Amino acid sequence: MTTRLIRHPCQENIALYLGRQLFFTRNNFESSLLPFSIPTILQVGVPEVTHAHFAGPLLLLVVNQKVYFYDYEAEFWAPSRGIKHPVSHLSGDNCCYGEHFLCLDISSFIFAYLYGDAIAQTKIYFSDNQGRTFQKYLQKGQEELVGSLGGIFYFHSLSQIGLLLINQGRAQFLYTDYPLNHSLGLPFNYSGSLEVIVAPGQKGILLLWFEKNLLISKNVGQLVDSVPVKESQSVSHSSILEANLTIHSVAANENEMAVLTRENKLYYGSLGILTNFLIKFADQNLWSQETVLMFTKPGILQVLTPIPDASFPAFDFQKCIVNIQAVLMDPQLQIGFCKVELLQADFEDKMYIIDMNSKLELAAFMIPRPGTSPVPVVTVSNPHSLGLQAVIYENGYSYDGNIEYRLNISLRQQQHGGRADPSFTSRIQKPTMSTVTVDIANKEISCVDLKPLTAIISIGCDIDKKIVVRNEISACNKGILDPVTLQNNYSYVIEKDAYALDFLGQKSTEDLVVRYPYKKLGCPLLVYYDIPWKPVVELWRDGSFQEVIHAEYVLLEVNGLFTYTYSLTARTALCTSQPQNWSSIVKAGGHMGSYTWNRENYVSCHDPNNRVPLEWPDVPYHILGGPTDNKVTFNQRNGIYVFFISIVDPYYSYCHLENTFSVYVYGAFPLPLFPPEITILLLMLAILLSVWLAYMIPKVLHTEWGRRVWGLWAHLGRSCARSCGHVPCKCCACTEEAQTHLKIKNV
């Protein structure tokens with residue numbers, strides 16, 4: 001029975017009117033419209049719409065407690081999949097800061113729920129693809145909550161999910177993530193059906209209203225206050241409830257709000273830092289049951305009423321356009337002039353990324369009116385994650401002689417600022433988001449055209465970062481490998497007893513032929529097998545070198561080669577708990593476990609909170625970098641190794657910094673046919689036997705037995721000489737010349 005208008009936050013000409021009929025416009029109601037209708041094939045009974053939401057190019061509608069989406073670009077209807085229980089409401093947000101993928105993700109998150117259902121047993125659904133498909137959302141401890149569900153919202157400005165709990169005429173927000181999950185928002189009173197408007201811009205501003213009151217929160221529900229009402233300079237009320245008004249329609253944009261009451265009164269207010277009050281405009285005959293309010297642009301309010309056509313089924317729209325700036329200049333309102341002539345910055349309506357251990361420098365400029373002292377202020381929507389420091393100073397003069405001020409803003413993670421208690425900051429391992437806003441603290445309501453400067457900050461992965469392994473001496477530089485040969489579909493063989501495809505060290509049954517991807521890896525880095533080795537890992541951003549990485553990382557030979565190990569063990573690495581290794585990661589990750597060791601599942605064995613006992617201190621320590629000087633040692637084998645490298649230190653970057661590179665190990669002699677221990681033993685026995693014979697033979701020759709042996713050898717020598725015709729022989733075998741002489745003598 002209550003008329004609503006939902007406007008697309010990012011596409012100003014697209015809107016949906018919800019009343020006794022629905023009207024969907026793409027030109028801001030500039031033309032006549034037929035009532036919006038759902039295809040007959042999807043209709044079940046009399047369609048009743050309880051809620052609607054824009055998610056990117058989709059219009060989501062709750063029709064008869066089911067969710068449908070309409071792609072207005074492709075003009076395509078379809079029911080959303082995955083919802084098995086009745087729902088009545090949708091919630092979501094839209095990011096209008098450009099085409100950055102993080103901004104697009106904000107528009108993709110949608111909740112569907114049944115308003116007023118018992119919170120302990122209600123079914124909540126969540127979508128991450130703009131409402132095309134949903135899945136169940138499970139809130140930890142939900143079954144223990146008391147009251148009914150007033151809504152669930154993804155507050156991107158605070159990186160929190162908030163549940164609105166309603167119980168016996170009081171409502172308050174419950175948050176899901178640290179540190180706000182330890183306490184609830186302050187409760188506030190309400191009556192009737194509570195509507196929640198999330199103001200565009202991701203600044204954390206909420207408008208909560210029902211027929212008898214309008215409430216506002218600047219920090220996504222942690223503190224909720226009534227909006228004061230000024231009837232005139234001499235008459236004011238602390239709330240709409242105190243003014244005894246009945247709200248019919250509420251409109252809001254990034255910086256303004258407007259209220260139309262059933263008493264035919266129009267009120268306007270600003271969403272500034274200190275100007276959160278409503279001021280009454282002159283009485284006009286504007287209200288009807290079908291009338292709604294809509295901001296078409298900053299400072300321009302439109303009062304919209306559909307008018308049926310007696311001779312045509314389409315509806316026209318009566319518009320009453322209110323120029324806010326012109327109305328505020330009415331002397332009867334006694335509104336002071338704006339104290340600021342200019343407030344601008346290059347970062348306005350842009351998106352920035354701050355990775356871990358990084359910071360961001362921004363600047364804004366202000367020119368005040370002569371003789372005034374405006375107070376600029378910088379705020380962040382998520383102080384638990386983003387810290388700031390601001391400095392203002394004179395920066396010269398404008399063309400008309402006014403002083404220009406420059407405001408330098410330095411942003412960095414709150415955890416690294418050193419000024420916040422750990423119980424106040426969010427978990428540093430989790431990426432978060434915040435907005436930064438520059439506004440005037442003592443700004444008058446007449447500063448309609450002077451909107452605050454806002455930028456959205458993602459405290460997370462900088463996708464322009466990548467890691468590279470330094471390759472100063474390659475196998476091609478030294479002539480060991482030929483780059484032309486490597487490019488010509490070069491392949492090499494890995495022996496069956498040197499690799500394991502399951503990465504668990506079990507030898508294979510046949511040799512493996514590997515084709516070398518030269519286009520991806522280039523020429524391999526040259527490494528001598530007998531010297532412990534550690535790669536030099538570099539961080540690059542957008543094509544520029546940043547630094548040499550000393551954080552913890554891991555290596556894995558992608559073809560399963562296990563003919564290498566590490567110089568340190570868990571004991572020598574001074575681990576206080578059992579360290580992770582590739583075997584445990586592969587077993588835990590299943591088929592894809594070999595490539596899932598990263599910053600999200602890494603646990604340091606030096607972490608005092610790691611309670612895993614150190615049961616096998618002599619196992620190899622697989623982590624390189626960080627506080628240890630661990631290195632890779634190769635077995636006696638020459639050949640190509642292709643390594644996967646992953647930065648696992650959770651405090652170095654929010655990105656999954658991974659890459660693949662190759663090395664060529666050289667200098668290893670072929671393995672002997674017999675074990676070296678046997679060869680050494682036989683050699684030692686031969687030496688000992690020779691020494692013993694050198695000692696014993698002369699001694700034995702002086703005995704009777706020795707002389708007999710000597711005589712035997714002398715007799716054999718003389719017999720050989722006679723047979724050979726007295727020609728000296730070698731080893732009792734006559735030479736060819738002696739045999740010829742013997743034949744002549746016989747003849």
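## A left-handed disulfide

The link of Cys-575 and Cys-605 is left-handed, with -50° about the S-S bond. Cys-575 sits in the loop between strand 44 (564-566) and helix 6 (582-589), and Cys-605 in the loop between helix 6 and strand 45 (632-634), so the disulfide ties together parts that are 30 residues apart in sequence. The structure that holds this pair is a predicted model, and the sulfur atoms of Cys-575 and Cys-605 are placed 2.1 Å apart in it.

How accessible are the two cysteines? Cys-575 is buried, with a relative accessible area of 9%, and Cys-605 counts as buried at 2% relative accessibility. Both values fall under the 20% that sets the limit for a buried residue.

## Right-handed disulfides

A search of the whole structure finds 6 disulfides. One of them joins Cys-461 and Cys-655, with 2.1 Å between the sulfur atoms; the torsion about the S-S bond of this pair is about 105°, so the disulfide is right-handed. The pair links distant parts of the chain, with Cys-461 in the loop between strand 36 (453-459) and strand 37 (465-469) and Cys-655 in the loop between strand 46 (639-647) and strand 47 (658-666), 194 residues apart. Cys-461 is partly exposed, with a relative accessible area of 25%, whereas Cys-655 counts as buried at 5% relative accessibility.

Cys-476 and Cys-523 also form a disulfide, and here the sulfur atoms are 1.8 Å apart. The torsion about the S-S bond of Cys-476 and Cys-523 is about 100°, so this disulfide is right-handed. Distant parts of the chain are linked by the pair: Cys-476 lies in the loop between strand 37 and helix 4 (483-487), and Cys-523 in the loop between helix 5 (518-521) and strand 40 (525-528), 47 residues apart. Cys-476 counts as buried at 17% relative accessibility, and Cys-523 counts as buried at 12%. For another cysteine, Cys-320, the relative accessibility is 25%, and Cys-320 counts as partly exposed.

## The sheet that contains strand 37

Strand 37, which borders the loop of Cys-461 and the loop of Cys-476, belongs to an open sheet of 3 strands that has the order 37-41-42 and antiparallel pairing. Which strands stand at the edges of this sheet? Strand 37 and strand 42 (544-548) do, each with a single partner strand, so one side of each is left without a neighbour in the sheet. From one strand to the next, the twist averages 35°.

Strand 37 and strand 41 (residues 537-541) run antiparallel and are joined by 5 bridges. As one detail of this sheet, Val-468 has Glu-538, in strand 41, as its bridge partner. Strands of a sheet pair through backbone hydrogen bonds, either parallel or antiparallel.

## The second largest pocket

The second largest pocket holds about 520 Å³ of space. It is lined by 27 residues, of which Lys-203, Ile-205, Lys-218, Asn-219 and Thr-379 are the closest to its centre. The elements that give two or more residues to this lining are strand 18 (213-217), strand 19 (225-226), strand 32 (376-380) and strand 35 (432-440), and the largest share, 3 residues, comes from strand 35. By class, the lining of the second largest pocket has 11 nonpolar, 12 polar and 4 charged residues.

## Enclosed cavities

How many cavities of 30 Å³ or more are counted? The count comes to 4, and about 120 Å³ of space lies in the largest cavity. Of the 14 residues that line the largest cavity, Asn-255, Glu-256, Ser-270, Cys-447 and Val-448 are the closest to its centre. The lining residues of the largest cavity divide into 7 nonpolar, 3 polar and 4 charged.

## A proline in a loop

Pro-47 is found in the loop between strand 3 (22-25) and strand 4 (49-55). Pro-47 counts as partly exposed, because its relative accessibility is 39% and the partly exposed class runs between 20% and 50%. In sequence Pro-47 and Asn-181 are 134 residues apart, and in space they are 39 Å apart, C-alpha to C-alpha.

Methods:
Residues are numbered from 1 along each chain as its sequence is written. This is a predicted model: local features need pLDDT of at least 70, side-chain atom pairs count only at pLDDT 80 or more; totals for chains, interfaces and linings use all residues. Side-chain values use heavy atoms; hydrogens and water are left out. A disulfide is a pair of cysteine sulfur atoms within 2.5 Å. Helices (H or I, at least four residues) and strands (E, at least two) are DSSP runs, numbered from the N terminus. Buried means under 20% relative accessible area, exposed over 50%, partly exposed in between (1.4 Å probe, protein chains only). On a 1 Å grid over the protein atoms alone, a cavity is a set of points where a 1.4 Å probe fits but cannot get out, and a pocket is an open set with protein on both sides within 12 Å along at least five of seven lines; lining residues have an atom within 4 Å of a point. Grid points are joined across faces, edges and corners, and a volume is the space filled by probe spheres set on the points. Ala, Val, Leu, Ile, Met, Phe, Trp, Tyr, Cys and Pro count as nonpolar, Asp, Glu, Lys and Arg as charged, and the others, Gly among them, as polar. Two strands pair if DSSP finds at least two bridges between them. Axes are lines fitted to C-alpha atoms, for helices over the stretch in contact, and angles run from 0 to 180 degrees between N-to-C directions.
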